[in-house]
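Subject: A structure for you to explore

Hi there,

Here is the structure I promised to pass on to you. Have a look at it first, and then read on for what I found in it.

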Amino acid sequence: MIRSLYIRVVLTFLISVIAGTIIAFVITFLVFRGNMNENVQEELLSFGQDIVRIYETIPLHEADKFVGGMKQLNSYYIRIYDEDNTEVYSYGALGDQASARVSSDQVKNVLNGEIVRADSSNESTGFVGLPLMTETGAKALFIQPLLSPYTSFNVRWLSTFLIYSLVIGSLLILIASIYVVKPINKLTKATKRLASGDFNVRLNIKQTGELGALARSFEEMTHDLQHLEQMRREFVANVSHEVQSPLTSISGYAQALKQVNLAEHERDRYLDIIIAEAKRMSKMSDSLLKLSLLESDSQSLRFTERNLDEQIRRVIVALQPQWTARNIEFELDLQAIKVTADHHQLDQVWMNILGNGIKFSEDDGTMAVSMRQVHSDVIIRISDNGIGIEPEDQQRIFERFFKADRSHGSKYEGSGMGLAIVKQIVLLHKGDIQVESKPGEGTTFVVTLPIHPAERDR
């Protein structure tokens, strides 16, 4: 079995060219053979009739002399038979060409007044026989064509031309196949590098068409895989960091609890810290599990129709201890709109966005929440006047474990999972979420949800 694509391409081209040439030659020969024989027969008959008229017009000895000096004898060979089936006269030189075989029956048929035809498909050489009346009685005139000196040359020239054409064509095919297979070989080597973990692959294939499109798709895939690998490494590093921090605290305070002379209030404080860190780890684990279920579509949504404005008001009331402690005021502009959605999941969306707004707002600040309907969508805007988000961070805040406030030390708590979960829930509802922010001026989250998500699938 031939495994090399290069050899397959070359053999395919060669077989196609050779087979096509042979088939074309055979078809052309079959198509024109009948016409060629017919034309030759007509020319022989016309020339034979001219000879007959010569013998009928002038005396026999003059006719013999005239026919013997005709220039057409370079192209025709003439034989005349008498009633005894004996060749009386012959005109023209056969050279290397064989004389056409004329049977006695054919001679008799011609002497009886018939015209006999024999083409080259049935005989070694075609000829025409015509009855001829002379002064000495009935004769049988047979004429056969002579091959021109140029005919054999033309045959040799055509054969040589075909051979050179096949050779040169084969060489060109070899070169062309190298050009065709070269980018595929590049793709093969790049795939092996990709499989070994090397994502820094550049093909530099400038071709257009299918191979060019394949190369560009491969480079796009490589870029995406490289990005995914970077995200995986960041994810592992973030998980390790997020897990290591509470584990270090738990381990350290657990060791401290083993001290014999530890005061009771210190023991209680250490236990509170251990419990808080354990809850933090449990919450992070739950967030990871929830996000994994949302991304794999393993968690089916339960759609019901409810007032979205009432839901947001209930979430704000549930967060009242947080915003009253910071003396934050809310400005609400909520239209009464019913939305078909999994409102249990949407609760977490509003909890996370509003909770982040409260956490990053300044004391005595203001938060604004508005909602309005645009065609078949509802648009919710949640704004705060907090620290804002840097432009380079705005594209990454929806990534898991990413914290835009990483430069603020431990002032703002959180695992960086909330907004990743928010975006996934919004996407499952066929919606969209965007962020608008300026550092030091605040942040606005814009959530767009279809009023009836099922209609988006139609």
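Let's begin with a helix lying on a sheet. Helix H2 (residues 60–68) lies across strand E1 (76–81), E2 and E4, and it runs at about 40° to E2. Another helix, H3 (residues 104–111), packs on the sheet too, where it touches E1, E3, E4 and strand E5 (137–145). The direction of H3 makes about 120° with that of E5. Please keep in mind as you read that this is a predicted model.

**The sheet under H2 and H3**

In what order do the five strands of this open sheet come? The order is E2-E1-E5-E4-E3, and the pairing is antiparallel. Strand E2 (87–91) and strand E3 (116–118) are the edge strands, each pairing on one side only. On average, neighbouring strands here are turned by 20° against each other, with direction ignored.

You can follow one of these pairings residue by residue. E3 is joined to strand E4 (residues 127–134) by three bridges, and the two run antiparallel. If you click on Val-116, you can look for its bridge partner in E4, which is Gly-129.

**The other five-stranded sheet**

There is also an open sheet of five strands with the order E7-E9-E10-E12-E11, and its pairing is mixed. Its edge strands are strand E7 (329–334) and strand E11 (432–438), each of which pairs on one side only. The twist from one strand to the next averages 10°.

Helix H7 (residues 308–318) packs on this sheet and touches E7, strand E9 (366–374) and strand E10 (377–384). Its direction makes about 170° with that of E7.

Strand E12 (residues 442–450) is a good one to pick out. It runs antiparallel to E11, and seven bridges join the two. E12 also pairs with E10 in the antiparallel sense, over eight bridges. Which residue of E12 is the bridge partner of Ile-379? It is Thr-448, and Thr-448 is the bridge partner of Asp-432 as well. Ser-437 has Thr-443 in E12 as its bridge partner. E12 is mostly covered, with eight of its nine residues buried.

E11 and E12 form a hairpin with three residues between the strands, and in this hairpin Gly-440 takes a positive phi near 85°.

**The nonpolar cores**

Which residues touch the most other members of the largest nonpolar core? This core has 38 residues, and the answer is Leu-308, Ile-312, Trp-350, Leu-354 and Ile-380. Helix H9 (residues 343–360) gives the largest share of this core, with six residues. Apart from it lies another core, made of 21 residues, including Phe-47, Leu-73, Val-128 and Ile-143.

Ile-312 is worth zooming in on. Leaving aside its neighbours within four places in sequence, Ile-312 is in contact with Leu-334, Trp-350, Val-369, Met-371 and Ile-380.

**Aromatic pairs**

The structure holds seven aromatic pairs. In one of them, the rings of Tyr-253 and Tyr-270 have centres 5.0 Å apart and planes at 50°, so this pair is tilted. Tyr-253 belongs to helix H5 (residues 209–257) and Tyr-270 to helix H6 (residues 264–295), so the pair ties together parts that are 17 residues apart in sequence. Are these two rings buried or exposed? Tyr-253 counts as partly exposed, at 25% relative accessibility, whereas Tyr-270 is buried, with a relative accessible area of 13%.

Trp-323 and Phe-330 make an edge-to-face pair, because their ring centres are 5.3 Å apart and their planes are at 70°. Both of these residues, Trp-323 and Phe-330, are buried. Ring pairs also link Tyr-81, Phe-127 and Phe-142 into a cluster.

**The chain as a whole**

Now zoom out again. The chain has 10 helices and 12 strands. Of its 458 residues, 36% are buried. Among contacts with a separation of 6 or more, residues 24 or more positions apart account for 66%. The chain exposes about 28000 Å², and carbon and sulfur atoms supply 54% of that.

Enjoy exploring!

Best wishes

Terms used:
Residues are numbered from 1 along each chain as its sequence is written. This is a predicted model: local features need pLDDT of at least 70, side-chain atom pairs count only at pLDDT 80 or more; totals for chains, interfaces and linings use all residues. Side-chain values use heavy atoms; hydrogens and water are left out. A nonpolar core is a set of buried Ala, Val, Leu, Ile, Met, Phe, Trp, Tyr and Cys residues joined through side-chain atoms within 4.5 Å. Buried means under 20% relative accessible area, exposed over 50%, partly exposed in between (1.4 Å probe, protein chains only). Helices (H or I, at least four residues) and strands (E, at least two) are DSSP runs, numbered from the N terminus. Contact means heavy atoms within 4.5 Å. Rings of Phe, Tyr and Trp (its six-membered ring) pair if their centres lie within 6.5 Å; planes under 30 degrees apart count as stacked, over 60 as edge-to-face and the rest as tilted. Accessible areas come from the Shrake-Rupley method with a 1.4 Å probe; for residues, only the protein chains shown count as cover. Two strands pair if DSSP finds at least two bridges between them. Axes are lines fitted to C-alpha atoms, for helices over the stretch in contact, and angles run from 0 to 180 degrees between N-to-C directions.
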